[in-house]
Amino acid sequence: MQYTIKDLDNFLDIKSIWDSIADNTTNAWFWSTYAQYCFRITVLKSAGNFIADDSFVLLKDGEPCGLAPLIFVKAISYNGIQAGYDMPLPFPMIIDSVGNYSETLDYVFDEIEKRCKANNIGMIKFIFSPPCTDTTSSKFISELIFQRNFVDCSINSHCMEISSSTLHSVRKRYIRYVKKFQPKYQLTMLDANNCYEDLAKEYMALHVKDSGKQNRPLATYEGQISLIKNKEAVMVQAKNIQDNKIVGMLIVSIYKKSAFDNSVAVDPDYTNHYISHLMKWKIIQYLHNENILSYELGPSAEMPNYLLQPNKKNYGISHFKQGWSRDGMKKVFIIEKYYSKEAFQQVWLRKSE
């Protein structure tokens with residue numbers, strides 16, 4: 001058995017290779033797909049933060065068997081370069097059929113760290129977040145942390161199992177909101193079969209109105225809609241029947257029988273109609289009908305610590321999510337490593353402030 005490394009530009013059809021590896025790696029979830037990679041690159045470039053793509057494919061006896069997304073960007077918390085998207089990098093993928101997983105992972109991380117040092121990277125951060133349906137051990141994360149001097153920055157994320165009884169267990173007042181306001185709205189599911197031409201523009205307009213400002217260009221919203229076209233996500237639209245107006249859009253990623261709350265926008269003129277609750281109710285019904293097994297809603301805002309200090313808005317969002325997931329939680333592994341003393345000092349100075 002012999003491993004070799006090749007950069008992405010050595011392959012004519014990297015999308016097929018990339019997605020085949022993701023499909024055949026148990027712990028690779030929607031964060032790891034090629035469509036997600038393209039979307040993240042678009043976001044980084046539109047913000048002027050992209051520096052270089054040093055991602056590579058692992059080959060075993062000449063056949064692709066693994067892939068490591070490795071993107072270099074302008075650091076947010078210090079003066080320099082870091083490895084990551086606008087979020088942590090997805091954990092390197094190694095297909096399940098490859099033996100000696102720990103040994104193979106070690107080989108991949110040797111290459112990652114060599115490339116980081118060669119490019120004067122200040123720090124690197126990874127997210128390891130398998131589908132909620134995954135039952136594999138994560139012991140190798142602990143081994144990696146100790147052996148390579150990473151630091152554990154893991155978080156808890158609200159997560160719920162999807163079944164015929166899921167909607168019976170949500171917070172009672174949510175059920176009352178849905179009963180009261182649902183008759184006023186038409187709730188429509190959009191997937192790869194019924195996406196329409198101006199959907200990205202409509203989502204951008206609603207997102208801008210919701211946030212009160214434009215944070216990113218149209219190309220990034222087109223990237224989000226491409227997730228739907230690539231059959232990796234769906235959208236719920238809430239249309240006010242009386243006003244004949246779309247006032248809510250919710251994008252949910254779906255991959256390997258698990259779903260994730262991806263992005264949402266609600267017209268602020270209609271928030272008193274609890275649009276987010278109506279869309280969440282609709283998507284849970286859809287997920288159950290599609291035999292999706294779990295639905296992750298995002299980070300839980302917990303007690304402040306030296307790594308995270310949630311604000312009032314964070315606690316409000318988390319409270320809303322807890323009303324759906326109740327006490328359901330999933331641990332999302334986040335690990336980071338510094339290669340520069342200066343970068344470490346700058347980051348912790350900001351945290352202390």
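I count a salt bridge when a side-chain nitrogen of Lys or Arg is within 4 Å of a carboxyl oxygen of Asp or Glu. By this rule I get 16 salt bridges.

**Ground rules**

I am working on a predicted model, where local features need pLDDT of at least 70, side-chain atom pairs count only at pLDDT 80 or more, and totals for chains, interfaces and linings use all residues. I number residues from 1 along each chain as its sequence is written, and side-chain values use heavy atoms, with hydrogens and water left out.

**Salt bridges**

I looked up aspartate 110 and arginine 148 first. Their side chains meet in a salt bridge at 2.7 Å, N to O. Aspartate 110 is in helix H3 and arginine 148 in helix H4 (residues 139-148), so far as I take helices (H or I, at least four residues) and strands (E, at least two) as DSSP runs numbered from the N terminus. The two residues are 38 apart in sequence.

For burial I use relative accessible area: buried is under 20%, exposed is over 50%, and partly exposed is in between (1.4 Å probe, protein chains only). Aspartate 110 has 43%, so I log this residue as partly exposed. Arginine 148 has 9% and counts as buried.

Next came glutamate 113 and lysine 337. Their salt bridge is 2.6 Å, N to O. Glutamate 113 lies in helix H3 and lysine 337 in strand S17 (residues 329-338), so this pair ties together parts 224 residues apart in sequence. Are glutamate 113 and lysine 337 buried or exposed? Both are buried.

Then I checked lysine 280 with aspartate 261. The closest N and O atoms of this salt bridge are 2.4 Å apart. Lysine 280 is in helix H8 (residues 275-289) and aspartate 261 in strand S15 (residues 258-266), so the bridge ties parts 19 residues apart in sequence. Lysine 280 counts as buried at 5% relative accessibility. Aspartate 261 is buried too, with 14%.

I also found a network. Salt bridges with shared partners join Asp7, Asp54, Glu111, Lys114 and Arg115.

**Helix H3**

H3 came up twice above, so I went through this helix separately. It has 18 residues and reaches 26 Å from first to last C-alpha. That is close to the expected 26 Å, which I take as 1.5 Å times one less than the number of residues. Which residues of H3 are buried? They are Thr104, Leu105, Val108, Phe109, Glu111, Ile112, Glu113, Arg115 and Cys116. Asparagine 120 follows H3, and its phi is positive, near 55 degrees.

**Nonpolar cores**

I define a nonpolar core as buried Ala, Val, Leu, Ile, Met, Phe, Trp, Tyr and Cys residues joined through side-chain atoms within 4.5 Å. The largest has 58 residues. Leu70, Phe91, Ile112, Ile124 and Phe126 have the most contacts inside it. A second, separate core of 35 residues includes Met189, Ile254, Val266 and Ile283.

What does leucine 70 contact beyond its neighbours within four places in sequence? With contact meaning heavy atoms within 4.5 Å, the partners include Ala52, Phe56, Ala83, Leu89, Ile112, Cys116 and Ile124. Asp53, Asp54, Ser55 and Arg115 are also among them.

**Rings**

I pair rings of Phe, Tyr and Trp (its six-membered ring) if their centres lie within 6.5 Å; planes under 30 degrees apart are stacked, over 60 edge-to-face, and the rest tilted. The whole structure gives 28 aromatic pairs.

Phenylalanine 91 and phenylalanine 109 form a tilted pair, 5.7 Å centre to centre with 50 degrees between the planes. Phenylalanine 91 is in the loop between strand S7 (89-90) and strand S8 (93-94), while phenylalanine 109 is in helix H3 (residues 101-118), 18 residues apart. Both are buried.

Phenylalanine 344 and tryptophan 348 have ring centres 6.1 Å apart and planes at 40 degrees, so I log this pair as tilted. Both lie in helix H10 (residues 341-352), 4 residues apart, about one turn of the helix. Phenylalanine 344 is partly exposed at 39% relative accessible area. Tryptophan 348 is partly exposed at 29%.

Ring pairs also link Phe91, Tyr101, Phe109, Phe126, Phe128, Phe140, Phe150 and Phe333 into a cluster.
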